Amino acid sequence: MADPYLPALEDFELNADETAAVAKALEDDRPWDWKPADQKELQALKSAKDKILAYHLSRHSGNCCYCRLNLNGAGPYMTDREHILPKGKEVYKPFSYSIWNLAAACKRCNMQFKRSGDAFVVDPDDSTRFQDSENYRFVHPNFDAYGKHLIRLQAQADTKNIVIFVKTPGSEKATYTHDFFALHELQVDSFDKAQGLEEENLETELAAKVRALAKEFDQ
């Protein structure tokens, strides 16, 4: 089920110029990469893309839709407008600007792991199922409540970090997402390397809270 705490996708709107520019882009062989010669259309298309990114970042509180890395202030070098069904495949091109097929992801999840494949789609041939949560093996950014499957627990004190991903028992989507994006690589616990009593106490307290939460969610 979709996350009831996220703004409904139906709330997203483009103005008339942006809508017209998107419609023209969809007529091109490469809709997302289309660059109109007309400057007004160019600005309208850029505005539409900026709105899409801002909207999806807002929906997920500034976090990557797949690993929950905080992207607030990260800018374009760390943040991607993510096409869940890859825009490069012919069958998915009509959905290049569909708000349900877009999200905001970190470069690691999008470029290193997600890329242009679609092995995560159960039935890639039935377009009537493209907006069905059950047609996706991983946690879908728009059709699933992330926290019902996975939770990222994290604490940081200066350079010391602890990151733990908790998978909901019995959730196949949690397991698939965890493996697909290699989330185990992001797990770290450096709090046991504290130097000095005051720092050690602070770090131990923070780490203990995270570990306690992880244990609680695992139960």
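Asp-80 is buried in this predicted model, with a relative accessible area of just 8%. The Asp-80 side chain still finds a charged partner: Lys-107, at 2.5 Å from N to O, in a salt bridge. The two come from distant parts of the chain, with Asp-80 in strand β1 (residues 79-83) and Lys-107 in helix α3 (residues 107-114), 27 residues apart. Lys-107 counts as partly exposed, at 32% relative accessibility.

Now over to the helices α1 and α2. Glu-18 and Lys-51 form a salt bridge as well, and their closest N and O atoms sit 2.9 Å apart. This pair also links distant parts of the chain: Glu-18 belongs to helix α1 (residues 16-25) and Lys-51 to helix α2 (residues 39-59), with their positions 33 residues apart. Glu-18 is buried at 2% relative accessible area, while Lys-51 is partly exposed at 31%.

Then there's Glu-90 with Lys-93, a salt bridge at 3.2 Å from N to O. Here Glu-90 is the exposed partner, at 60% relative accessibility, and Lys-93 is buried, with 16%.

Here are those pairs side by side:

| Acidic residue | Basic residue | N to O distance |
|---|---|---|
| Asp-80 | Lys-107 | 2.5 Å |
| Glu-18 | Lys-51 | 2.9 Å |
| Glu-90 | Lys-93 | 3.2 Å |

How many salt bridges does the count come to? It comes to 11. Not every residue involved keeps to a simple pair, either: Lys-46, Asp-50 and Arg-81 are tied together in a network of salt bridges.

On to the cysteines. How many disulfides are there? The count comes to zero. Take Cys-64: the closest cysteine sulfur to its own is in Cys-106, 3.7 Å away, and that is too far for a bond. A disulfide needs the two sulfur atoms within 2.5 Å, so this pair doesn't make the cut. Cys-64 is buried, with a relative accessible area of 0%.

Cys-67 tells a similar story. Which cysteine has the sulfur closest to that of Cys-67? That would be Cys-109, at 3.8 Å, again too far for a bond. Cys-67 is buried too, with a relative accessible area of 1%.

Terms used. Residues are numbered from 1 along each chain as its sequence is written. This is a predicted model: local features need pLDDT of at least 70, side-chain atom pairs count only at pLDDT 80 or more; totals for chains, interfaces and linings use all residues. Side-chain values use heavy atoms; hydrogens and water are left out. A salt bridge is a side-chain nitrogen of Lys or Arg within 4 Å of a carboxyl oxygen of Asp or Glu. Helices (H or I, at least four residues) and strands (E, at least two) are DSSP runs, numbered from the N terminus. Buried means under 20% relative accessible area, exposed over 50%, partly exposed in between (1.4 Å probe, protein chains only).
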